[in-house]
Amino acid sequence: MNQIKSNENSTALSADSVLVREYLDRAVRPNVLDEETEKTYKANIKQLLLEKNARLVAHYYTDAVLQDLAEESGGFVGDSLEMARFGQDCDAEVLVVAGVKFMGESAKILSPEKTVLMPTLEATCSLDIACPADKFAAFCDQHPDRTVVVYANTSAAVKARADWVVTSSIALDVVEHLMEQGKKVLWAPDKHLGSYIQKTTGADMLLWDAACIVHEEFKARGLADMRKLYPDAAILAHPESPSAVLEIADVVGSTTQIINAAKQSTKSEIIVATDQGIFHRLQQVAPEKTFIIAPTAGNDATCRSCAQCPWMGMNSLQSLYASLQETSNEIHVEPELAAQAMIPLQRMLDFAANNQLKVRGKA
Ligand code: 13P
Ligand code: SF4
């Protein structure tokens with residue numbers, strides 16, 4: 001069972017790792033295709049996207065071939081905030097979301113008139129799994145004096161209970177804004193991101209206890225050793241990483257913010273603490289730089305997904321083609337729930353449109 005902890009009186013409980021493992025066991029990586037077959041799939045998918053007035057929206061953690069296909073076919077690759085914005089703004093009838101389930105659900109909530117498909121409906125997220133809507137609602141009921149801020153990596157039902165939805169690129173700015181209004185925050189589900197925001201802003205935050213199974217594996221001690229090997233390198237980290245890792249990092253930010261920081265960095269060597277899928281875009285935007293993955297547990301690794309999200313990895317050309325051709329794996333969100341979840345999601349998008357988002361640190 002999940003546990004909750006507050007910044008004042010911590011009663012730390014562990015996340016539901018058994019449940020996460022059960023989902024992980026279903027996350028099978030697709031087969032590698034030969035060059036000719038890959039070419040045929042790409043051509044057929046492009047044709048179907050045209051015929052169905054569909055756009056492919058992919059996350060930076062998905063396979064490079066899907067990211068390229070999204071770009072080449074007039075779709076989009078981005079972080080989770082940008083994916084939501086693109087999905088809402090584009091005039092396609094069909095959105096095919098290559099990512100994980102919460103991304104497909106956000107797209108459907110923001111564009112109820114569009115058909116939203118996903119290559120697989122099995123692609124979930126450890127944060128979503130570890131924040132069940134009923135337990136979360138009970139927690140909120142116990143703290144009616146707090147403004148409820150939830151990470152986008154949650155189910156539609158959890159979003160529907162929130163005052164604000166945020167992604168990693170906007171979370172600090174939104175909590176700072178709430179603090180200025182004298183609000184106390186109830187935060188869920190990522191404890192690392194929550195405590196990073198708490199430390200950076202000084203906000204009064206009550207935290208749910210869940211973590212990303214990928215980022216949680218980055219090790220501060222290994223990173224400090226790596227810094228000795230590459231003394232001139234910049235360290236860029238996603239805020240879902242543990243606090244000891246974030247303390248060493250030069251820049252902490254969302255996937256897009258990491259990419260922008262790498263591009264602008266004066267350093268030629270860059271150590272990156274996030275999913276390895278991002279390396280495809282990093283190499284495109286700064287081909288002259290050397291990118292190094294931050295260490296996980298190395299040879300002693302107990303993780304099943306060292307720096308590679310097993311659920312993002314389930315998206316493939318084969319599953320994408322099948323969902324488009326059969327119009328299968330459609331995302332449905334019950335209309336009443338969607339209307340409720342739309343309010344905090346739209347609040348985030350409006351806030352993003354009216355504010356220049358800040359990135360912490362310098363590389
Ligand atoms: P971004 O919003 O930075 O793309 O992160 C999404 C995510 O799931 C990171 O693990
Ligand atoms: Fe969820 Fe972590 Fe995968 Fe992102 S990388 S989708 S937070 S499990």
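What follows is a walk through a predicted model of a protein chain with its ligands, from the overall fold down to a single residue.

Taken as a whole, the protein chain holds 16 helices and 14 strands. Its radius of gyration comes out at 20 Å, close to the 21 Å that the globule rule gives for 363 residues, so the chain is as compact as a globular protein of that length. Along the principal axes, the C-alpha trace spans about 55 × 55 × 40 Å. Half-and-half is a fair way to put the packing: 50% of the 363 residues count as buried. The chain also brings together residues from far along the sequence. Looking just at contacts between residues at least 6 apart in sequence, 66% of them join residues at least 24 apart.

The chain splits into three parts. Domain 1 is pieced together from 3–24, 126–213 and 341–361, domain 2 from 31–124 and 311–332, and domain 3 is the single stretch 215–300. The centres of domain 1 and domain 2, taken over C-alpha atoms, sit 27 Å apart. Where these two meet, 16 residues of domain 1 are in contact with twelve residues of domain 2. On the domain 1 side, helix 6 (126–129) and helix 16 (335–354) each supply at least two residues, and helix 16 gives the most, with five. That side of domain 1 is made up of ten nonpolar residues, five polar ones and one charged one.

Ligand 2 belongs with this part of the story. Both domain 1 and domain 2 give residues to the shell around ligand 2, so the ligand lies between them. The shell counts 13 residues, and the closest are Cys-125, Ser-126, Cys-212, Val-214 and Cys-309. By class, the surroundings of ligand 2 come to nine nonpolar, two polar and two charged residues.

Ligand 1 has another set of surroundings. Its shell takes in Asp-79, Ser-80 and Leu-81, then Asn-153, then the run Thr-167, Ser-168 and Ser-169, and finally Cys-212, His-238, Glu-240, Ser-254 and Thr-255. Sorted by class, the shell around ligand 1 has eight polar residues, two nonpolar and two charged. Cys-212 turns up in the shell of ligand 1 and also among the closest residues to ligand 2.

Next comes the inside of the protein. The largest nonpolar core has 111 residues, and the members that touch the most others are Val-149, Val-166 and Leu-236. Val-149 gives a feel for such a spot: leaving aside its neighbours within four places in sequence, it is in contact with Ala-162, Asp-163, Trp-164, Val-166, Val-174, Val-175, Val-185 and Trp-187. Helix 5 (residues 101–110) is mostly covered too, with ten of its ten residues buried. The buried residues of helix 5 include some charged names, among them Lys-101, Glu-105 and Lys-108, alongside others such as Phe-102, Met-103 and Ile-109.

Ala-133, in helix 7 (residues 133–142), makes a handy last stop. Is this residue buried, exposed or partly exposed? Ala-133 has 16 C-beta neighbours inside 10 Å, short of the 20 or more that burial takes but over the 12 or fewer of an exposed residue, so Ala-133 counts as partly exposed. Not counting residues up to four places away in sequence, Ala-133 touches Ser-155, Ala-157, Val-158 and Arg-161. Arg-221 is another matter: 88 residues separate Ala-133 and Arg-221 along the chain, and their C-alpha atoms are 36 Å apart.

Terms used
Residues numbered from 1 in each chain as written. Chains lettered and ligands numbered in written order. Predicted model: local features only at pLDDT ≥ 70, side-chain atom pairs only at ≥ 80, totals over all residues. Near = placed C-beta within 6 Å. Helix = DSSP H or I, 4+ residues; strand = E, 2+ residues; numbered from the N terminus. Rg over C-alpha atoms; globule rule 2.2 N^0.38 Å. Contact = placed C-beta atoms within 7 Å. Core = buried A, V, L, I, M, F, W, Y, C linked by C-beta atoms within 7 Å. Domains from an automatic or database assignment.
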